[in-house]
Amino acid sequence: MEVARLIEVTRIYKVGNVETRALNGITTVIHEGEFTALVGPSGSGKTTLLQLIGCLDRPTSGKVIVAGHETTHLNHNQRADLRRSTIGFVFQFFALIPTLTAYENVEMPLLLNGKSAAERRKRVMELLEAVGMVNRAHHRPDQLSGGEQQRVAVARALAPYPKIILADEPTANLDTQNGEQVMEIMKKLNRETGTTFIFATHDPRVIKHARRIIALRDGTIIEDQPGESP
Amino acid sequence: MIHYVKLAYRNLGRHRRRSILSGLALALGTALLLFIAAFFEGEMRSAMETTIRLNTGHLQLQDADYDPDKLSVAWEYLIEKPEQVAAQIQTLDAVAVAAPRLIANGIVSAGDEAVGVQIIGIAPESKANDPYRDGLVEGQFLTAEDRDGILIGYPLANSLGLKPGDRLSLLVNTANGSVDEQVFTVRGIFSTGTTAYDKGVVFLSLAKAQVFSGAGDRASLIFILLNDREQAEAVAAAIRTPAYQVKTWRQMNELLVLVNDFSNAYLAVINLIVLGVTATVIVNTLLMSVFERTREIGILAAIGMKRRQIIALFLTEAALLALGGVAFGGALGWALSAYFGEVGFYFGDLGMSAQMLMQDRIYTVLTLEAAINLILTAFVITLLAALYPARMAARMEPVEALRGK
Ligand SMILES: Nc1ncnc2c1ncn2[C@@H]1O[C@H](COP(=O)(O)OP(=O)(O)OP(=O)(O)O)[C@@H](O)[C@H]1O
Ligand SMILES: [Mg+2]
């Protein structure tokens with residue numbers, strides 16, 4: 001089953017008179033349960049592509065279909081709705097809310113989705129367990145290491161049972177060991193829950209985990225092949 | 001339901017000093033406004049009460065032709081058989097006291113000095129004269145039979161160097177248009193606490209004043225105090241006849257009523273200025289908070305928070321700040337007003353005219369209505385001002401917000 005489809009997607013940034021063609025006619029399909037790496041040199045359009053799939057941005061031309069919704073014509077609120085229910089994000093810079101504890105950060109999307117207190121509690125504990133953060137549940141982000149923060153971020157992204165998790169260089173700010181740990185956790189959750197993962201990365205150690213590798217250059221897909229990982 | 005309050009509270013706590021300082025700005029603004037309002041209220045009440053008690057009364061009954069600016073004691077301007085008229089008015093339930101007064105222009109001289117005064121003939125035993133009787137600082141009050149005594153104010157006694165028992169010379173404009181002069185003995189010296197009034201009047205017994213000025217058994221007016229001043233119009237209508245004009249305290253104190261209205265408008269302007277300044281401080285705090293949290297707002301938007309929820313989050317923050325501010329400011333303003341309501345401010349003689357008499361000491365009066373109005377206004381204005389940073393936060397595109405590291 002497909003969870004996202006991009007058809008002839010182009011994204012042009014305009015700053016003053018300068019136009020940057022960040023994406024140039026991308027067409028591809030993402031299927032449920034994929035564990036896909038988006039690779040390519042800096043500036044090749046990885047982040048831009050994730051933002052389009054994540055309904056954070058709209059293409060200049062072409063179509064982006066996410067979970068059956070054509071997103072190009074959705075308004076601000078409708079896109080927020082779609083993100084809330086369908087998409088989880090993991091960012092390079094461990095994007096947790098600094099005033100909330102690990103527990104509360106994971107709970108946040110559940111609150112936004114109107115889940116009951118009992119449901120929230122069960123889900124948060126289950127996820128903190130899955131990322132090995134139960135004993136840090138009531139720590140605030142500044143009391144956690146980078147690896148720990150990123151594990152909480154993964155838990156938060158998964159909380160509302162999204163169809164797709166989009167991770168932009170999730171290991172770029174982590175040392176090898178922590179990066180490996182986060183990748184293992186994502187892979188385990190992908191296997192166990194069937195959630196689709198797409199992650200942008202430069203890191204060869206990360207790429208080796210992927211089951212599909214899409215290579216970008218100058219905004220176009222130059223290669224799309226199965227990964228080494230089983 | 002998102003835990004706006006929890007989030008907002010923690011965000012304020014993140015920059016505790018900054019939050020406290022901007023809350024404090026609102027608190028001081030609110031306290032200042034309450035205090036100013038209490039001061040104006042005290043001032044206006046004092047001016048109105050003092051002027052009524054000392055000068056105009058709630059009602060004055062005068063001859064239809066009487067002109068208070070001339071103070072003529074020519075017979076055609078005066079009331080005949082004033083005691084009888086006063087006694088009749090006194091029988092009305094709404095009337096607390098009614099007393100005849102004869103008012104003439106005069107000049108007091110002692111030694112080389114001479115001062116222009118109003119000579120007021122009073123029925124000494126009447127309660128209408130309590131403010132002078134109670135304000136006696138030296139000597140004795142007048143009696144109805146006193147044919148030689150004069151009562152003078154403390155400022156006048158001071159400037160002329162007079163003590164009870166001393167003699168002074170008094171000149172009067174008489175009924176037939178000439179002048180007469182006699183020597184009187186200072187019987188007593190009074191102070192009503194209103195220098196502007198005390199320095200310009202002297203009292204004689206009504207009988208003596210009538211003889212001295214040639215007014216016969218007539219009086220200039222009947223001075224009337226009511227139990228409730230709001231009944232002034234009703235009582236005036238009841239006692240008015242073609243021969244008499246009846247003036248109410250509102251008519252006689254037009255200037256004061258005007259000043260009151262004017263000062264209310266003036267207060268509204270001050271309120272807006274002060275609240276404008278405090279709102280600016282709060283907006284500034286929230287704007288800083290919005291810019292610092294650009295990324296955080298982006299994260300919240302990315303995980304599906306809608307614009308109106310982001311607005312609600314920032315407004316909640318503003319509401320918490322405003323609540324703390326106005327609560328503390330309200331308490332402070334109330335405490336200040338209560339303190340100066342007891343102790344008062346000493347202003348001395350403000351040199352007001354007899355149309356607007358003011359006690360030398362002003363006591364603040366904070367009404368519940370003014371307090372509630374101001375506190376609510378401060379709260380609402382703060383929230384309205386906070387809409388600007390809140391909407392600014394909500395308008396941020398999540399992409400831009402996330403990139404803005
Ligand atoms: N908001 C923007 N305004 C203008 N140009 C932009 C904007 N965002 C991205 N670009 C440009 O679009 C191109 C693609 O950027 P993008 O961030 O998608 O690349 P990337 O593959 O994620 O790079 P990196 O590996 O460095 O993160 C770049 O040339 C970049 O400068
Ligand atoms: Mg990137």
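Is A:E169 buried or exposed, and what is its relative accessible area? In this predicted model, A:E169 has a relative accessible area of 15%, and because residues under 20% are counted as buried, A:E169 is buried. The residue sits in the loop between β7 (164-168) and α6 (176-193) of chain A, where its backbone takes a positive phi of about 45° although A:E169 is not a glycine. A positive phi is also found at A:A67, again a residue that is not a glycine, with a value of about 50°. The loop that holds A:A67 is the one between β4 and β5 of chain A, and with a relative accessible area of 27% this residue is partly exposed.

The two strands on either side of that loop belong to an open sheet of four strands in chain A, whose order is β2-β1-β4-β5 and whose pairing is antiparallel. Strands β2 (18-31) and β5 (69-70) of chain A stand at the edges of the sheet, and because each has a single partner strand, one side of each is left without a neighbour in the sheet. Helix α1 (residues 46-53) of chain A packs on this sheet and touches β1 (2-15), β2 and β4 of chain A, while the direction of the helix makes about 125° with that of β1(A). As for the strands that flank A:A67, β4 (residues 61-66) of chain A pairs with β5(A) in the antiparallel sense over two bridges, and in this pairing A:V66 stands opposite A:H69 of β5(A). Strands of a sheet pair through backbone hydrogen bonds, which may be arranged in a parallel or an antiparallel way.

Antiparallel pairing is found in chain B as well, where strand β1 (residues 59-63) is joined by four bridges to strand β9 (residues 221-226) of chain B. Within that pairing, B:Q60 stands opposite B:F223 in β9(B). Strand β1(B) is also joined, by five bridges and again in the antiparallel sense, to strand β10 (residues 244-248) of chain B, and here B:L61 has B:V246 as its bridge partner in β10(B). Strand β1(B) is mostly covered, five of its five residues being buried.

Several helical parts of chain B likewise hold buried residues. In helix α10 (residues 254-292) of chain B lies B:T285, which counts as buried because its relative accessibility is 8%. When residues up to four places away in sequence are not counted, B:T285 touches B:R18 and B:S22, and the side chains of B:T285 and B:S22 make a polar contact at 3.3 Å. A second threonine, B:T382, is found in helix α13 (residues 368-395) of chain B, and this residue is buried, with a relative accessible area of 1%. Leaving aside neighbours within four places in sequence, the contacts of B:T382 are with B:L26, B:I282 and B:A322. Of these partners, B:A322 is 60 residues from B:T382 along the chain, yet the C-alpha atoms of the two are separated by 6.5 Å. Helix α11 (residues 294-302) of chain B is mostly covered, with eight of its nine residues buried, among them B:I297, B:I299 and B:L300. Just after α11(B), B:G304 takes a positive phi of about 105°.

The two chains meet at an interface in which 30 residues of chain A are in contact with 26 residues of chain B. Between them, chain A and chain B bury about 2600 Å², 63% of it on carbon and sulfur atoms. Three residues, A:H76, A:F93 and A:T99, supply 23% of the area that chain A buries against chain B, which is more than any other three residues. Three salt bridges are found across the interface of chain A and chain B, including one between A:E104 and B:K6, in which the closest N and O atoms are 3.3 Å apart. In addition, eight residue pairs are in polar contact between chain A and chain B, counting pairs with both residues at pLDDT 80 or more. The elements that give two or more residues to the side of chain A that touches chain B are α1, α2 (76-86) and α3 (102-112) of chain A, and of that side α2(A) provides the largest share, six residues.

Methods
Residues numbered from 1 in each chain as written. Chains lettered and ligands numbered in written order. Predicted model: local features only at pLDDT ≥ 70, side-chain atom pairs only at ≥ 80, totals over all residues. Heavy atoms only, no water. Pairing = 2+ DSSP bridges. Contact = heavy atoms within 4.5 Å. Axes fitted to C-alpha atoms, helices over the stretch in contact; angles between N-to-C directions. Buried < 20%, exposed > 50% of the residue type's maximum accessible area, 1.4 Å probe, protein only. Buried area = accessible area lost by both parts, 1.4 Å probe. Salt bridge = Lys/Arg side-chain N within 4 Å of Asp/Glu carboxyl O. Polar contact = N/O pair within 3.5 Å; in protein donor to acceptor, adjacent residues only side chain to side chain.
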